Amino acid sequence: MRKDFGVKTYIYPQPVLIIASYDENNNPDAMNAAWGGISEENEISICISSDHKTTKNILLNKAFTVSSATKKYVAECDYFGIVSGNKENNKIAKANMHTTKSKFINAPLIDELPLTLECELISYNEEICILRGKIVNVSIDESILNEKNKIDINKFEPISFDPMNNKYLLVKDIVGDAFKDGLKIK
């Protein structure tokens with residue numbers, strides 16, 4: 001039997017996205033966002049309100065990066081979501097994390113997070129809080145790649161957000177082969 005919960009943000013898994021940008025003084029900033037995902041082949045869309053420092057930075061620089069949070073840095077990534085860049089100017093340094101300027105856009109890569117999308121701003125709709133970015137590069141640290149230059153999920157250890165229980169979950173086990181297992185039914 002099913003139970004109705006009304007309108008909630010319960011979709012599983014929800015990614016834990018760390019959005020990084022530069023402010024007007026080229027200081028790096030980061031925030032944690034769960035409501036986002038790939039929306040076109042080379043596009044990401046994220047729900048982010050206009051009062052975030054990150055939103056202001058992105059509108060200023062027309063660029064941002066999006067990294068996947070990992071098990072190793074769960075506390076730091078959570079910190080990016082509970083402390084506002086409007087109140088703390090050095091969130092990345094305070095979290096003891098480091099940045100490198102992207103070669104492609106005017107935004108920082110967070111060195112400790114091994115998978116990053118480098119994006120140019122396409123649009124921002126303040127009314128519905130939707131930020132759209134064009135992915136111009138995907139930067140992956142070699143430490144999470146296997147011998148075939150593919151991501152090894154056990155080296156990467158990305159986390160997802162459980163909105164019902166306010167927990168972070170480890171994305172880990174392989175349970176099937178995409179575009180293959182369904183052929184058994186066909």
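**Strand S2 and its partners**

Let me begin with one pair of residues: serine 21 has aspartate 29, in strand S3, as its bridge partner. The model is predicted, so local features need pLDDT of at least 70 and side-chain atom pairs count only at pLDDT 80 or more, while totals for chains, interfaces and linings use all residues. Residues are numbered from 1 along each chain as its sequence is written, and side-chain values use heavy atoms, with hydrogens and water left out.

The protein has four helices and 12 strands, which are DSSP runs numbered from the N terminus, with at least four residues (H or I) for a helix and at least two (E) for a strand. S2, residues 17-22, pairs with S3, residues 28-33, in the antiparallel sense over six bridges, where pairing requires that DSSP finds at least two bridges between two strands. These two strands form a hairpin with five residues between them, and in the turn asparagine 26 has a positive phi of about 65°.

What does S2 pair with besides S3? The other partner here is strand S6, residues 63-68, antiparallel to S2 over four bridges, and in S6 serine 67 is the bridge partner of isoleucine 18.

In a regular strand the side chains alternate between the two faces of the sheet. In S2 both faces are covered, with Leu17, Ile19 and Ser21 buried on one side and Ile18, Ala20 and Tyr22 buried on the other; buried means under 20% relative accessible area, with a 1.4 Å probe and protein chains only. For the protein as a whole, 38% of the 186 residues count as buried.

Methods. Buried means under 20% relative accessible area, exposed over 50%, partly exposed in between (1.4 Å probe, protein chains only).
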